[in-house]
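Trainee: I would like to learn how to read one helix in its surroundings. Could we go through it step by step?

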Amino acid sequence: MDKQHIQQAAETIRQGGVIAYPTEAVWGLGCDPHNTEALEKLLTLKSRDPAKGVILIAASFEQVQPYMDSSFMEGLSHEKKLQLTHTWPGPNTWLVPPSDKVPALIKGQHPLVAMRVTAHPLVQALCEAFGGPIVSTSANPAGEDPALSEKNIHTYFDDRLDYVLSGELGGLGQPSTIRNLLTGETLRA
């Protein structure tokens, strides 16, 4: 892992840029979740409907905890807490009630927010260097297959990204599972 490139990617995000980076299974696009202009640029690059929302990805539970509704977390059963702690870090995205800290464009039209604590060492280092969670959505225009290589990134987005953080995918065959923590429903297996 090249710390200089990780720092450059984190700085690009802090300055309002949109980056591409490898995740557990596919390449992702990311930006600062609190920068509306960057989020709008990311959604435009993907031709993604803002109503769909995006995922927050983080290096640790401590990074995502401020984005979860605290009263929900306090009332969460021991069993549900174990589901989170035993599946994070890992390729598991959970839908949970958001705190007021979650920007509207992150949730889209949904009442819950999607978040994941990654086990990918490069993405963990990126979130640590940034100092919090970043946006994570597959790096592909709507209707196209997710990018599986840096070459795909350049084919899809040419020079419209602000930075590409080179690295290897995490070796999973499919994107993270998405489940609703309240209901247990699986939205993407």
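Trainee: Is α7 largely enclosed by the rest of the structure or not, and how many of its residues are buried?

Mentor: Keep in mind that this is a predicted model. Burial is read per residue, with under 20% relative accessible area as the cut-off. In α7, seven of the ten residues are buried, so the helix is largely enclosed by the rest of the structure.

Trainee: Which residues of α7 are buried?

Mentor: They are Leu-122, Val-123, Ala-125, Leu-126, Cys-127, Ala-129 and Phe-130. Take Leu-122 as a worked case: its relative accessibility is 7%, and therefore it counts as buried. Cys-127 has 0% and is buried too.

Trainee: What covers the buried residues of α7?

Mentor: The cover includes two helices, α1 and α3 (61–64), and the strands β1 (19–22), β3 (55–58) and β6 (134–138).

Trainee: Take α1 from that list. At what angle do the axes of α1 and α7 cross?

Mentor: For a helix pair, read the distance between axes, then the angle, then the handedness. Helix α1 spans residues 3–14 and helix α7 spans residues 121–130; their axes come within 9 Å and cross at roughly 50°. That angle is why α1 is described as oblique to α7. The crossing is right-handed.

Trainee: Which residues meet where α1 contacts α7?

Mentor: From α1 come Ile-6, Gln-7, Ala-9, Ala-10, Ile-13 and Arg-14, and from α7 come Leu-122, Ala-125, Leu-126, Ala-129 and Phe-130. Sorted by class, this contact has nine nonpolar residues, one polar and one charged.

Trainee: Cys-127 was among the buried residues of α7. Which cysteine holds the sulfur closest to that of Cys-127, and how far away is it?

Mentor: For a disulfide, check the sulfur-to-sulfur distance against a cut-off of 2.5 Å. The closest cysteine sulfur to that of Cys-127 is in Cys-31, at 12 Å, which is too far for a bond. Cys-31 is itself buried, because its relative accessibility is 0%. The structure holds zero disulfides.

Trainee: What phi does Gly-131 take, just after α7?

Mentor: At the end of a helix, look at the backbone torsions of the next residue. Gly-131 takes a positive phi of about 95°.

Trainee: How far apart are the C-alpha atoms of Leu-122 and Pro-50?

Mentor: Separation along the chain and separation in space are read as two values. Leu-122 and Pro-50 are 72 residues apart along the chain, and their C-alpha atoms are separated by 27 Å.

How values were computed
Residues numbered from 1 in each chain as written. Predicted model: local features only at pLDDT ≥ 70, side-chain atom pairs only at ≥ 80, totals over all residues. Heavy atoms only, no water. Axes fitted to C-alpha atoms, helices over the stretch in contact; angles between N-to-C directions. Helix = DSSP H or I, 4+ residues; strand = E, 2+ residues; numbered from the N terminus. Parallel < 35°, antiparallel > 145°, perpendicular 65-115°, else oblique. Left-handed = near helix turned anticlockwise from the far one by under 90°. Contact = heavy atoms within 4.5 Å. Nonpolar A, V, L, I, M, F, W, Y, C, P; charged D, E, K, R; others polar. Buried < 20%, exposed > 50% of the residue type's maximum accessible area, 1.4 Å probe, protein only.
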